[in-house]
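Welcome to a short tour of a protein model. Have the structure open beside you and follow along from loop to helix to hollow.

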Amino acid sequence: MAGGKVRKEKPKAKGTGTSAPYQGGISFHKSKGQHILKNPMLVDTIVQKSGIKSTDTILEIGPGTGNLTKKLLEAGKLVIAVEVDPRMVLELQRRFQGTPHSSRLKVIQGDVLKTELPYFDICVANIPYQISSPLTFKLLNHQPSFRCAIIMFQREFAMRLVAQPGDKLYCRLTVNTQLLSRVFHLLKVGKNNFRPPPKVDSSVVRIEPRKPRIEVKQKEWDGFLRICFNRKNKTLGAIFRQKNVLSLLEKNYKTLQALNLSVGNNRDADMGSLRLGNANEVETMEMETEMDDDDDGADDEMDVEDGDAEGETSEFKNKVLAVLKEGNFEDKRSSKLKLEEFLYLLSLFNKAGIHFS
């Protein structure tokens with residue numbers, strides 16, 4: 001402007017690339033998994049496929065600026081939205097304040113993985129992809145059980161959930177999820193439907209918790225699957241001939257024998273001094289398995305040496321192989337076993353006194 005000082009603009013920082021502007025003034029952070037659905041037709045499709053009832057309490061995880069929230073409020077009785085970003089919480093409150101929907105929206109600010117979830121009938125969520133696995137199992141272990149969850153996942157993760165025996169993506173995550181639920185693929189979502197667009201496509205799946213649940217001992221089941229899927233395309237006969245596997249199982253076998261003898265001889269024996277080993281020698285069971293179990297690289301969770309066990313373990317080795325032969329599993333591969341077959345094989349091992357945790 002003539003006669004005035006020229007105000008210099010501060011140069012914009014380069015190389016950040018972690019956020020993208022929103023027309024309302026909010027920046028989305030890719031590093032936090034913030035990718036907001038911008039296609040209204042897609043939002044309508046997700047709500048339609050959710051099968052929401054007018055009496056439903058709906059849990060929404062990561063509502064963002066409320067595009068999906070608005071449609072959920074129109075379809076159900078109550079929406080409980082869990083959002084970690086305080087900026088998004090303020091945007092939600094601003095957007096719905098003074099509207100007919102405001103009394104039917106409850107916003108919880110916090111990390112959903114650390115939040116005690118209230119009762120809900122159905123979950124609908126477009127989640128940060130980095131929490132896909134822990135959130136899936138948090139939901140599946142939620143009580144009381146809900147009717148279903150409609151969740152947007154990174155496409156490869158979603159396809160692992162719905163994979164069938166023989167599929168390339170069939171893995172331990174698949175079996176663990178299908179133990180607790182039935183999973184259906186609903187639709188593929190291109191990356192250009194989001195603001196900012198993620199690097200990969202997404203998929204929406206429907207997860208229905210099993211009712212009644214299939215009862216298993218979680219640590220035992222997890223230890224068993226870790227061994228089976230350590231090299232999923234090897235025969236089970238080859239996997240259970242490996243030295244580290246036999247050593248682990250024999251340790252558990254002898255420990256349980258000692259425990260049973262101790263209980264029989266002394267009811268007041270100190271049981272805490274006896275500890276069973278498991279497939280990764282930790283006592284906590286983590287069901288975070290997403291991208292492991294392939295044969296094209298080393299498995300971080302269990303260092304298994306190839307080769308047959310010799311010497312003192314030969315008798316125990318024969319016991320293990322006898323279990324595989326009894327169920328006709330010796331020449332089968334984990335990559336092609338159904339859930340029911342895994343359950344049956346574990347029951348045969350337990351029947352023979354062989355345990356995995």
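Start at proline 212, which sits in the loop between β11 (202-209) and α7 (218-228). The model you are looking at is predicted. The peptide bond that leads from lysine 211 to proline 212 is cis, with omega near -5°.

Now look for proline 144, which is found in the loop between α4 and β8 (148-154). A cis peptide bond joins glutamine 143 to proline 144, and omega is about 0° there.

One more loop residue deserves a visit. Asparagine 328 lies in the loop between α10 and α11. Its phi is near 60°, which is a positive value in a residue other than glycine.

**Two pairs of helices**

Asparagine 328 has brought us to the loop between α10 and α11, and these two helices make a good pair to study. How do the axes of helix α10 (residues 314-326) and helix α11 (residues 339-351) cross? They come within 10 Å and cross at roughly 140°. Therefore α10 and α11 are oblique to each other. The crossing in which α10 passes α11 is right-handed.

Which residues make the contact? From α10 come Val320, Val323, Leu324 and Glu326, and from α11 come Leu345, Leu348, Phe349 and Lys351. Sorted by class, the residues of the contact of α10 with α11 are 6 nonpolar, no polar and 2 charged.

The other pair is helix α4 (residues 132-140) and α6, whose axes come within 10 Å and cross at roughly 20°. That angle makes α4 roughly parallel to α6. The crossing of α4 and α6 is left-handed. Here α4 brings Ser133, Phe137 and Leu140 to the contact, while α6 brings Leu173, Asn176, Thr177 and Leu180. By class, the residues of the contact of α4 with α6 are 4 nonpolar, 3 polar and no charged.

**Spaces in the protein**

Next, turn to the hollows. The count comes to 3 cavities of 30 Å³ or more. The largest cavity holds about 100 Å³ of space. It is lined by 11 residues, and the closest to its centre are Ile36, Leu37, Gly62, Pro63 and Asn126. Which elements give two or more residues to the lining of the largest cavity? They are β3 (36-37) and α2 (67-75).

There are pockets to explore as well. The second largest pocket has about 210 Å³ of space. Of the 15 residues that line the second largest pocket, Gln164, Gln178, Ser181, Arg210 and Leu339 are the closest to its centre. At least two residues of the lining of the second largest pocket come from each of α6 (172-180), β9 (181-189) and α11. Which element gives the most to this lining? The answer is β9, with 5 residues.

The table sets out the two linings by residue class.

| Space | Nonpolar | Polar | Charged |
|---|---|---|---|
| Largest cavity | 4 residues | 6 residues | 1 residue |
| Second largest pocket | 7 residues | 4 residues | 4 residues |

Before you leave, try linking the stops on your screen. Helix α6 takes part in the contact with α4 and also supplies at least two residues of the lining of the second largest pocket. Helix α11 likewise takes part in the contact with α10 and supplies at least two residues of the lining of the second largest pocket.

Technical notes. Residues numbered from 1 in each chain as written. Predicted model: local features only at pLDDT ≥ 70, side-chain atom pairs only at ≥ 80, totals over all residues. Heavy atoms only, no water. 1 Å grid on protein atoms, 1.4 Å probe; cavity = no way out; pocket = protein on both sides within 12 Å on 5 of 7 lines; lining within 4 Å. Points joined across faces, edges and corners; volume = space filled by probe spheres on them. Helix = DSSP H or I, 4+ residues; strand = E, 2+ residues; numbered from the N terminus. Nonpolar A, V, L, I, M, F, W, Y, C, P; charged D, E, K, R; others polar. Axes fitted to C-alpha atoms, helices over the stretch in contact; angles between N-to-C directions. Parallel < 35°, antiparallel > 145°, perpendicular 65-115°, else oblique. Left-handed = near helix turned anticlockwise from the far one by under 90°. Contact = heavy atoms within 4.5 Å.
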